[in-house]
Each structure stands twice: as C-alpha cells, then as structure tokens.
Amino acid sequence: MYGEIYEFLFRDPSREYLGVILAGAADCGASAKLLGRTFVRARPEDCEAQSHGLVRARRSFSSWLMGLCADEGLSQIDVHSHPFGASPHVSFSYTDDQHEAEMAGYVYHHLPGSWYGSLVLNEGYYDGRVWLGSPHGVALGPKRLRSLSLAGFPFVRESPASGGPTGLPRGEPKGFLHRQVMAFGREGQARIGECRVGVIGAGGTGSLLIEGLARLGVEDFVIMDPDVSELTNLNRVAGMTYHDAVTGAPKVAVSQRLVTSINPEARVTPVEVSLFTEDAITSLKGVDVLFVATDDHATRMVAQALATQYLMPLISVGVAITCDPGGELTDVSGEVVVALPGEAGFCLSCLDRYSPTRAGLELSSDPDRRRAAQRGYIETEAMPSPAVRHLNGVVADLALVEFHNLLSPFKTPALWVEYDQLRCEVRARPAARRGDCAVCSPAARLGLGDLEPLRPLFERRAEGDILRRVALEVPVLPAEQALGEPLQPSDTSGPLGSRGDLAMPPPHDLGPRRQTDRRSPAPPAHLRSASAVGGTAPVAPQRPPYPTSIIVRSVEAIYTHEVCRTPLKFGAVIVDQLPFCRVKATVENGRGEVAEGWGGIFLMDLWAWPTPELSHEAKSAVMIDLNQRYCKVVEAYAEASHPIDLFMALEDDLVRLNREVCAEHGLSSEQPFLGALVCASPVDAAIHDAFGNVNGIDAYHGYGPDFMAHDLSRHLGPEFAGRYPAHYIRPSYQPEVPIFHLVGGLDKLTRAEVTGADPQDGVPNSLDDWVKQDGVFCLKVKLRGMDLEWDIDRTLAVHGIGKEYLIDRGEERLHLSADTNEQCESPEYIVEYLRRIREVNPDCFEDILYIEQPTERDLTAHRHDMRGIAELKPVILDESLVSLETFELAMELGWSGIALKSCKGQSPSLLLASKARHMGIPYTVQDLTNPSLALIHSVGLGARLYTMMGVEANSRQFFPGSTTAGEKQVHAGIFTVRDGVARTDSLRGTGLGYQMSRIREIDGD
C-alpha cells in the first residue's frame, strides 16, 4: 500500500497532495504500534489550499474524518507530499509544525485515547512522527517515528529519512552468518536480524524452529510455553539435556539457553505462561512475525486472531503420526501455513485449520471436557500423540524456508505446504481467503489492535456451555463492498494493515467500515512504528459456477458509418472515415434474472490490419462479417460462466472464425489476430456490462473470488493460484484521469497554420488552441519513424507549445509520449532520436514519459533487442501485444511495458493488467479514437487500473459528432476535458457505469 500512497501523492509533482490513514492502535508496553486500516485521499475540493508548497484540508473534511475516528475508535495519521526531489533530508516545514500542533490539540481534547500522527514524503524518502497528548487534552509535542514496515510478502522495514529508502542503518553481519550472506545477500540478512520473532510452543517442533531461527540470524525472540521438561521430550526437543528432563526445567528456559549458546548477543524474552493470559498476549503483540507450533485448536484460534488484529504474518506448523488398529503407520505427515494479513492473504480459519467448536470444547470447564471426551468430541488427555524428531525437523525446516523467503525473497512463496513422509512428497496446496471470513475480513479483526479484546476468545467456559461455538461474531458486509465500496466523501484505497512500524494496505484492499462501540485504549508511552500489509500469491481451489455466472441469451450488433471531422494520420496511414459497431448483449444469471449490456468500438482496419494490398472497404467488410459470426458463436455457448472465462473459452473459436471468414472473402492471407480481437471487443464489453447489470454490481466488483469460479491460474499459470483480477485493480474509479491529447502527423500546431479550409465548427483546429481550451498536459506525438530530423523538430515544437501555454496558466507539468506506429527499421533510430533530443533540449527529454511500439509488430521477424531504448526511456509494446506469448517474448527482448486497449477486449486487458502488475511491469491504457460508449468504457478501464499516466481520449478531436447528446450530457466530465483531466463521477451504478437508462431517456430511445 505504500506504493499506492506514493502514487497518489506524486501524481502531479507541481503540487502537494494530502491523504489520511485511519488506524488502530496497540499499547506494547515500552513501545506502541499504529495499525492502519484505511487510506482516505483528499480530493481537490477537500482542500482549502493546494500548491507546490502547501496543502491544507478544509475544516469540513477534517471534521468528517474525526467523525469516522470517533465512530470506530480509530486514530488519524495525516500523510502529505513534499514534491521537491528525492533528498534524504525530507522534513516537516514550519507550517506543518503549526498546523499539526493545532490538530493534535483538537484530537486529544475531543477524542480521548486516540492518536494523531503524520508522515511527509518526497520522491525517495519519508519522515514521520506522532504527537503525544496529556490526559487533559493537550498536545505535548511530537515523537519521531522509528520505522515503517510492510508486513506482507516480502516483509520490508524502512527507516525514516536518516536511514534512506533501503532501510535502517545496518552494520556488518555476524561472522557465523558469512556463508549465508554469500548466498542470499547482506540486505536480506539485515532484515532477518532486525525481525522480532514470536514462537508459541517450545516443544518438539517449536524448539527446532527456535534453533533454526537463531542460526538463520534472528536476534530478538519472544518464546511462549507454560510447560516444563520431561523425559518423554528428550527424543525431539532441541537443546534439552537429561538434567533438564529430570529436574523439570521450563521449556522456555531451555530454548533461551539454546539461542544464547548460538548467539550470545541475541535477546530472548521467555514467557512461561499459557497463551490464554493477558501477559502472553501483551508480550506477543509487539513481534514482527509469529510462529505457532502447537497441536490444539484453541491455541491456533487465538494465535490467528492475535496475528490478524496486530497485522503480523503467522506461520503455523503442525505434524501428525497415526496408526491403524494393527499398529501399522498410516500417516506420517506435517504442514506449514503462512497466513498473511490483508486482502491478498488468508488465515487459518479460511482454510479450516482449526475448529471453533473444538476450540470451545478445549476451553470448556473440566466436567464438560470429560463429557466431551466420553462422547468422542475430543481426545482424552491421557493419550499423548506419537512424535519423532526427523518428522518435526523436516517440517520445521520447511517453515524456516518460507520465513527466510518472506524476509529475503529468493523463490515463489509457498503459503500452504504439506509433507508426506511415507511417500517422500512435499507439495504446495491451493489456498484463498474466504470472502466472509469472520476473522481476517476487513469488516472483522484486521488491524484493530487493542480495539477488539481477545479475552472473550479464551476465557474458560462455565460448566454446561459445552456446545457453544467459539467464533468471532463480527458482521461482514457483502463481498462486493469488501472489494471496493469507496468511503464517502473521498476516494479510498483500502484497509491498512500494520505491524509496529506503519501499516499500508494492498491496492485492492478497500474494505467495509467496521461499526463498533468506541473502545479507546490507554495511550501508549511513545510511538515505536507504523506498518503495512503487503500482497503475495496464495493459492486457491477451483470452485463450481456461481449463481452470478451468466449464459448469453442474445447478441445484436449495430453499425454506423462515422466520418472524421479532420483527417487523422498515424505512421503511413490516413484515416477519414470508419465503421462504428455498437453491441447489445442479453444475459441470464443462475437465479434466472435477465439484463442487457452494451459495448462499442471502431472496426479500425487501418490500425489493426494495415496491409496495403487490400482496400479499406474490403477489410471493413471482413471485420463486420467476423463480428457478426462471433456474436452467433457467443450466443451458442451454453455453459454458465464468468465473462473472462467465457471470452477465454471462445478464443480458439475466434481464431477459427477469422480464418474461415477471410477464406470465404477470397483472401490469400488472413486478418492478423489483432484485427480479430477488435471485432470481438465490443461483444466482450457488452457481456461484462450485462454481467454487472444482471447481478446488480459495478462490473469491476465482480472480478474477485465471490463472483469468479476460477482464479487467475486458469489463464495465467500456477503462480497466480489464489489470485484474482480484483487483487490488481483499483477498488473504485480514480476521480480524475489525466488525458493524453493526440498530435497527429497532419495536425496544425499553431493558429497561424489554420486556413479557411479547416472546419469552422467551434472545435479547435490547432494544438495551441487545444492546450489553451482543455489544459491538456499529456501529449502523444505521432512521428514518421523514417525521417529523423522531422521527428526531432516535431517533438521539440510540440513540447515548446505545450510548455508555453501551461506556463501561462501557472503550471509547468508536461508529459510526452512518442509513437512511430512501427515505422522504425530498428531500435537504433529511437536511441539516436532520444540522444539528439537530450542534447538539444534536456527539458524536453525529461518530459518524455515513454516510447510506444517503434518497430514492426511481428516480434519474431527480427527479434529486435529493445534494451538500448529502455536504458533511456520506457519502451511500450502496443500492436504486438495480442497474447500472453507475445507478452513473454517482449519481456525477453527488453521491452519495458505494455499498452492496454479496450479495443483488444475487456477480458484480455484485465488478464494482462494482472500479469503486468504482478510482475511490476508498467502499462498504459490507450485509445482507438474511441467515441460514444467506447470512450466511456476506455476511460473507466483506465480509471480502475494503475496506469503510467492516465488514458488517451482522441474522439473529441476527430469524431466529436459520433457521440450522442445523452452520452455527452450524462458523462460530461468524460467528453469535456478540463484542466487536462477527465472526471469519472458519472461512472456509477451497475455494469460498466454507462447509466444507459438516463442516456436513452435523453436521446429518446
């Protein structure tokens, strides 16, 4: 989530931005945690002032936030940017000091028990503090934040500015770790050494974990076990001696001695009490990672609740040995579960790794326990389980591997691992978070800290309460809300998770608000840290079709002929008219409900199929024919599906249809698959829209486990097991999306170039007038790709005009992209182009965001190495991107990122966006000169994805008459660009947010 906050704060380096983290709190004795649950973005209208050197919230916005804190018992952390570069000397200003002192005094006076803190970030560093308060509601002064942690995969801790972005200042690793550092590096070893680890259970498996952790380099332990040594422990407990066994030495003392014998400087806190005590909870809630190595249900239940509330990764380790009545071994096995906090993870309850009923029985009164044993509900206490060291050792080492990988990643994480000793098998099992989980869902215990007492979970039950189910009885909101209902009035990005530094949530992790009575903990002595939930790739089982799955009942395509207002030139192609295809799809879900959806796109053969051997009319006829055939194939598909699964199931049919249609039209070669995708894309969009409409949801809320029977591994491979598109998209629409304005090869740059032959319809005819009217600060420059001097001059001229008019408006931001539409013979052309630009105008070079598809779309033709360009500027794949295979090949060839387009399909765009974001690869959302529904869809897609910079929107330049009056009126913020952005507040309701009923009412349909 730290990355998402960073992206929001630095979306525009010409001004400061403000957000607020709403957090739980935890008193850990000598230190404290702030545990973030939600990040709220301050919109421009929420700010009283916002400039390059100042941002201040309106009183109404601050009051609303304090109301949330009062209602839910949360604390407030203000987060704002200082967009002044990446100096390690980032610090709060005098204005910040004055304003925050006033805010802290107000908070402590009106919200006793709450905390007020703040973070300030520049482009590479951060600083943070919390304002201390007195019992009398007075702000006493700030205490500096010690560190910020990301508690997901991987586990990361960063220090404030003095330590820099790489983490806390670190010394030389200890000598006994030298061989380890050689293999895995100093940075990862430092993270291990800084990690405070809690271990519940110091018996056969737990003691081996403790020994392994000490040899791995962990230096700070909290070890909890109330038991003492016995002779029966000697076969498996690491470090235990015969003397320990006969004298009954506490197991925690044995483990403490073991750790310090390996590393005399290690710190061990022995906790010789049961987990079901306040002392144990208090000792453990300050750790970074928690291990549980016990075999009872109640301990695992309470440990999971503890880890969830305090946002710690929990690693559960268990073993089992069973025999049949004849004494033959039937099972010798173990398992490791890594339960991570946040939406991207899951918990032991999600996997049914403990039974609340069994836990309740274990915590029941002694008479009830005896009756439960007699009835077979639980084993009798007189029957100890078989145990052997080699089984414990293998399973403990598997857990150590995942712990090591969590702090210093070196492999794909395995979050649920089984070991079968009889079969000599180690296998990863699929796992996923359960949407209605009463433990780890955002509406339950996630990040609550001290706000949710744990005592009710483990208080011993009174006699006669034997069958009471011990569950976390917390109301859970509907799954679609858990995947992204925005808090009002500001956009949010999700429940923060935190561990004891500062917690940040995954980007998709917007959760429902938790309604609770206000329970304020006593203020801690000082702030130690604040922490963040990170995401990883848990594995998910495949599920049967849901009631929300759909069957397509009918698909209807409608075609209109649209004429360009002014010719559009890109590459060697000039466009002056195109067929526009609108599609209406009617679907039925598993509940028998019926609804329709819409999609639209230009069937632009000149872009998708630029062969000069065929006329535009001939290619258009093929594309219309293919579109109609595909509609019929979709209608005939009888399996109830999710739209993504439906599209992928018919992909081979699309290939076959394309071949057949081209043959029937007498063509010697078939249309490129890119053209086939364009033909299928309005159908795909209409089905996604209908899917959301029939199920009464925003279509983007339907891309998670509550609506999809299959996870992404079905289409993207096993590393995506347990992952869904919802994990990679925004939970709600960005309120404002920067718009890229296209500068075509024939476009007039200045008003002086305009003649009487240009249209006189009130729409600008030159770039300078467009920039002046719409305030656009993102410009896409179409180049020739074979005329270097012209391309350089064109780029410099466009940059100069953009800068001039933006500076006149008091702004300096300008972003360029350059596109030759595949006309370059080799990457060296663009390398020379960029070097020349940098020599002539360094400012222009800096303003170039990326280069788009400079060479031919057939990546296998010459296998150009793009690394030379990528070293200067990101180089983005566009026309070549038609499959996962081309994606993988492009990455091998050194391309930096990819271009997504709604004209290639909503389903493929979501899959590719998921893969790109999972891999950390940048992507853009681009246009096909989309008018009408196509533009609404495209802007919506860009507003739900994490693009490099906004979306393209070119139809206002070339096809303004192709959009209906109703569409323009309902979606005025999309079709009328102001200050360089499209506004998405009209994208609401179900489906893709078209609001078709309102549009039809205005248009008289």
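In which sense do strand β15 and strand β16 pair, and over how many bridges? Select residues 314-323 for β15 and residues 329-339 for β16, and you will find the two strands paired in the antiparallel sense over ten bridges. Within this pair, Thr322 stands opposite Asp331 in β16. Please keep in mind throughout the tour that this is a predicted model.

Next, widen the selection to the whole sheet, which is open, has eight strands with mixed pairing, and follows the order β13-β12-β11-β14-β15-β16-β17-β18. At its edges stand β13 (267-271) and β18 (425-428), and because each has a single partner strand, one side of each is left without a neighbour in the sheet. If you look from strand to strand, neighbouring members of this sheet are turned by 15° against each other on average, with direction ignored.

Now add the helices that lie on these strands. Helix α13, residues 389-407, packs on the sheet and touches β11 (196-200), β14 (289-292), β15, β16, β17 (416-420) and β18, while its direction makes about 160° with that of β15. Helix α8 lies across β12 (220-224) and β13, and runs at about 175° to β13.

Keep α8 (residues 251-262) selected and add helix α6 (residues 204-216), whose axis comes within 9 Å of that of α8 and crosses it at roughly 20°. At that angle, under the 35 degrees used as the limit, α6 counts as roughly parallel to α8. The crossing in which α6 passes α8 is right-handed. To see the residues that meet, show Ser207, Ile210, Glu211, Ala214 and Arg215 in α6 together with Ser255, Leu258, Val259 and Ile262 in α8. By class, this contact has five nonpolar, two polar and two charged residues.

For the next stop, go to helix α28, residues 884-892, where Thr886, Phe887, Leu889 and Ala890 are buried. Display their surroundings as well, since the buried residues of α28 pack against α26 (859-862), β27 (875-877), β28 (897-901) and α29 (906-919). Following α28 comes Gly894, with a positive phi near 95°.

Finally, select Thr282, which is found in helix α9 (residues 278-284). This residue is partly exposed, with a relative accessible area of 38%. Add Asp27 to the view: although Thr282 and Asp27 are 255 residues apart along the chain, their C-alpha atoms are separated by 8.3 Å.

Key: Residues are numbered from 1 along each chain as its sequence is written. This is a predicted model: local features need pLDDT of at least 70, side-chain atom pairs count only at pLDDT 80 or more; totals for chains, interfaces and linings use all residues. Side-chain values use heavy atoms; hydrogens and water are left out. Axes are lines fitted to C-alpha atoms, for helices over the stretch in contact, and angles run from 0 to 180 degrees between N-to-C directions. Helices (H or I, at least four residues) and strands (E, at least two) are DSSP runs, numbered from the N terminus. Angles under 35 degrees count as roughly parallel, over 145 as roughly antiparallel, 65 to 115 as roughly perpendicular and the rest as oblique. A crossing is left-handed if the near helix is turned anticlockwise from the far one by less than a right angle, and right-handed if clockwise. Contact means heavy atoms within 4.5 Å. Ala, Val, Leu, Ile, Met, Phe, Trp, Tyr, Cys and Pro count as nonpolar, Asp, Glu, Lys and Arg as charged, and the others, Gly among them, as polar. Two strands pair if DSSP finds at least two bridges between them. Buried means under 20% relative accessible area, exposed over 50%, partly exposed in between (1.4 Å probe, protein chains only).
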